[in-house]
Amino acid sequence: MNPIIDELEKPYMEKEVPDVNPGDTVRVFVRIVEGNKERIQAFEGTIIKKHGSGINKTITVRKVFQGVGVERVFLLHSPRIEKINIVRRGDVKRAKLYYLRERSGKATRIKEKIERK
């Protein structure tokens with residue numbers, strides 16, 4: 001990219017962003033402001049897409065709640081994101097997992113990646 005833009009974005013980049021990939025099951029802790037109170041809410045689901053680069057990098061996380069699919073897009077370098085925990089690594093063969101939207105139940109399972117030491 002442009003070195004000038006990279007230099008301007010550098011102070012806003014988060015220091016520790018885990019290496020997440022599509023197929024991974026993650027728990028994203030988000031700061032939510034309600035009135036004058038602030039609390040942290042967890043959103044756990046499967047990453048179906050990564051998009052963008054640099055400070056504009058986003059992930060789309062999908063979960064099924066009470067039989068309804070819920071997708072949320074998170075900016076990885078947002079100050080609203082407290083932390084991201086990787087629950088399990090997924091072993092998938094493609095970058096965009098949109099096919100999970102049409103599936104339900106056991107058909108949405110993703111193989112777990114076994115990491116070598």
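# A tour of a five-strand sheet

Select the five strands. They form an open sheet in the order β4-β3-β2-β1-β5, with antiparallel pairing. Because β4 and β5 (81-88) stand at the edges with a single partner strand each, one side of each has no neighbour in the sheet. Direction ignored, neighbouring strands of this sheet are turned by 40° against each other on average. (Axes are lines fitted to C-alpha atoms, for helices over the stretch in contact; angles run from 0 to 180 degrees between N-to-C directions.)

Some ground rules come next. This is a predicted model, where local features need pLDDT of at least 70 and side-chain atom pairs count only at pLDDT 80 or more, while totals for chains, interfaces and linings use all residues. Residues are numbered from 1 along each chain as its sequence is written, and side-chain values use heavy atoms, leaving out hydrogens and water. Helices (H or I, at least four residues) and strands (E, at least two) are DSSP runs, numbered from the N terminus. Two strands pair if DSSP finds at least two bridges between them.

**Stop 1: colour by confidence.** pLDDT is the predictor's confidence in each residue, from 0 to 100. The chain has a mean of 92, and 99% of its residues reach 70 or more. Among the elements, helix α1 (residues 3-9) has the lowest mean, 86, and β2 the highest, 96.

**Stop 2: β2 and β3.** Select residues 37-51 for β2 and 58-65 for β3. These strands run antiparallel, joined by five bridges. Find Lys50; its bridge partner in β3 is Ile59. The two strands form a hairpin with six residues between them. In that turn, Gly52 has a positive phi of about 85°.

**Stop 3: β3 and β4.** Now add residues 68-75, strand β4. Eight bridges join β3 to β4, again antiparallel. Thr58 stands opposite Leu75 in β4. This hairpin has two residues between its strands. Click on Gln66, in the loop between β3 and β4. Its phi is near 55°, a positive value in a residue other than glycine. Most residues other than glycine have a negative phi. Is Gln66 buried or exposed? Gln66 counts as exposed, because its relative accessibility is 71%. (Buried means under 20% relative accessible area, exposed over 50%, partly exposed in between, with a 1.4 Å probe and protein chains only.)

**Stop 4: β1 and β5.** Select residues 25-34, strand β1. β1 and β5 pair in the antiparallel sense over six bridges. Arg27 has Asn85 as its bridge partner in β5.

**Stop 5: the core.** A nonpolar core is a set of buried Ala, Val, Leu, Ile, Met, Phe, Trp, Tyr and Cys residues joined through side-chain atoms within 4.5 Å. The largest one has 12 residues, including Val20, Phe43, Ile59 and Ile84. β1, β2, β3 and β5 each supply at least two of its residues. Which strand gives the most to this core? β1 does, with three residues. Show Val20 and its contacts (heavy atoms within 4.5 Å). Leaving out residues up to four places away in sequence, Val20 touches Val26, Ile47, Lys50, Ile59, Ile84, Ile86 and Arg89.

**Stop 6: salt bridges.** A salt bridge is a side-chain nitrogen of Lys or Arg within 4 Å of a carboxyl oxygen of Asp or Glu. The count comes to eight. Start at Arg31, which is partly exposed at 26%. Arg31 meets Glu82, with the closest N and O atoms 2.8 Å apart. This pair links β1 to β5, 51 residues apart. Arg31 also meets Glu38, at 3.8 Å from N to O. Glu38 is exposed, at 54%. Finish at Arg39, which forms a salt bridge with Glu34 at 3.2 Å. Shared partners join Arg31, Glu38 and Glu82 into one network.
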